[in-house]
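Q: Please take a close look at the nonpolar interior of this protein, and at the cysteines and the helix packing that go with it. A plain account will do.

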Amino acid sequence: FVRHAQTDANAKHYLQGQSDGVLNKVGLAQAASIAEHLHLFFIEKIFSSNQRRAVATASAIANHHGLTVQTDPRLQEWNCGDWDAMPAVDFQRMVREQGLKASTLQPPNGENFQQVRSRAQDVLGEILSQNEGKSVLICSHGDFIRSMIGVLMEIDADIAANILLDNASYSILEKQQGSWKILTINRIS
């Protein structure tokens, strides 16, 4: 899993959700750096959220591998509805003051984390069943990648929400003897 490189919303610590931000100058450099770092990795297919920040990051990696990026809107970030563009400090304060957990978050006009997790389970099931035994890279977003890791590792949503994933980081999971193992998490090139 690769989290997309930095956007202005990331740099300013705003929730970004499904708003379609583009990579900023730092993000473009991060995308080039992770693409260079991963160029020796064996990757057979690349899937990406259809949001521009993820496609740009995935495309930088794909260029080093002679691959085409396959986009899927189900790989989009958590739809944080009316909370989109909220400063992260305000969001964290609201969560703390109201005693909310990832499993109970329900933004107005958005989706809850059970819906995100269900979407992650569906798209992962499809990608993995169609690519059995292949090395697949999925470029997506922080909350969505946490959900995918939670699904594969059978980790509760409230625990998976605590996994730190920096912009332009990668995490490697591998299926060994029928179960998923984390080989690395939040690795920066």
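A: This is a predicted model, and the cysteines are a convenient place to start. Cys80 is buried, at 1% relative accessibility. Cys139 is buried as well, with a relative accessible area of 0%. The structure holds 0 disulfides. Cys80 forms none because its closest cysteine sulfur, that of Cys139, is 18 Å away, whereas a disulfide needs sulfur atoms within 2.5 Å. Seen from Cys139, the closest cysteine sulfur is in Cys80, again 18 Å off and too far for a bond.

Turning to the interior, the largest nonpolar core has 30 residues. Those with the most contacts inside this core are Phe1, Leu75, Trp78, Trp83, Phe91, Ile138 and Met148. Helices α4 (88–98), α5 (113–130) and α6 (142–153) are the elements that each give two or more residues to this core. Leu75 shows what such a position touches: leaving aside residues up to four places away in sequence, its contacts include Phe47, Arg119, Val123, Ile127, Ile138, Phe144 and Met148. Ser48, Ser49, Ser140 and His141 are also among the residues that Leu75 touches. Another core, of 19 residues, lies apart from the largest one and has Ile43, Ala60, Val69 and Leu137 among its members.

Ala60 also belongs to a helix contact, that of α2 with α3. The axes of α2 (residues 25–37) and α3 (residues 52–65) come within 8 Å and cross at roughly 35°, and the crossing is right-handed. On the α2 side the contact is made by Ala31, Ile34, Ala35 and Glu36, and on the α3 side by Thr57, Ala60, Ile61 and His64. Of these residues, 5 are nonpolar, 2 polar and 1 charged.

Note on methods
Residues are numbered from 1 along each chain as its sequence is written. This is a predicted model: local features need pLDDT of at least 70, side-chain atom pairs count only at pLDDT 80 or more; totals for chains, interfaces and linings use all residues. Side-chain values use heavy atoms; hydrogens and water are left out. Buried means under 20% relative accessible area, exposed over 50%, partly exposed in between (1.4 Å probe, protein chains only). Axes are lines fitted to C-alpha atoms, for helices over the stretch in contact, and angles run from 0 to 180 degrees between N-to-C directions. Helices (H or I, at least four residues) and strands (E, at least two) are DSSP runs, numbered from the N terminus. A crossing is left-handed if the near helix is turned anticlockwise from the far one by less than a right angle, and right-handed if clockwise. Contact means heavy atoms within 4.5 Å. Ala, Val, Leu, Ile, Met, Phe, Trp, Tyr, Cys and Pro count as nonpolar, Asp, Glu, Lys and Arg as charged, and the others, Gly among them, as polar. A nonpolar core is a set of buried Ala, Val, Leu, Ile, Met, Phe, Trp, Tyr and Cys residues joined through side-chain atoms within 4.5 Å.
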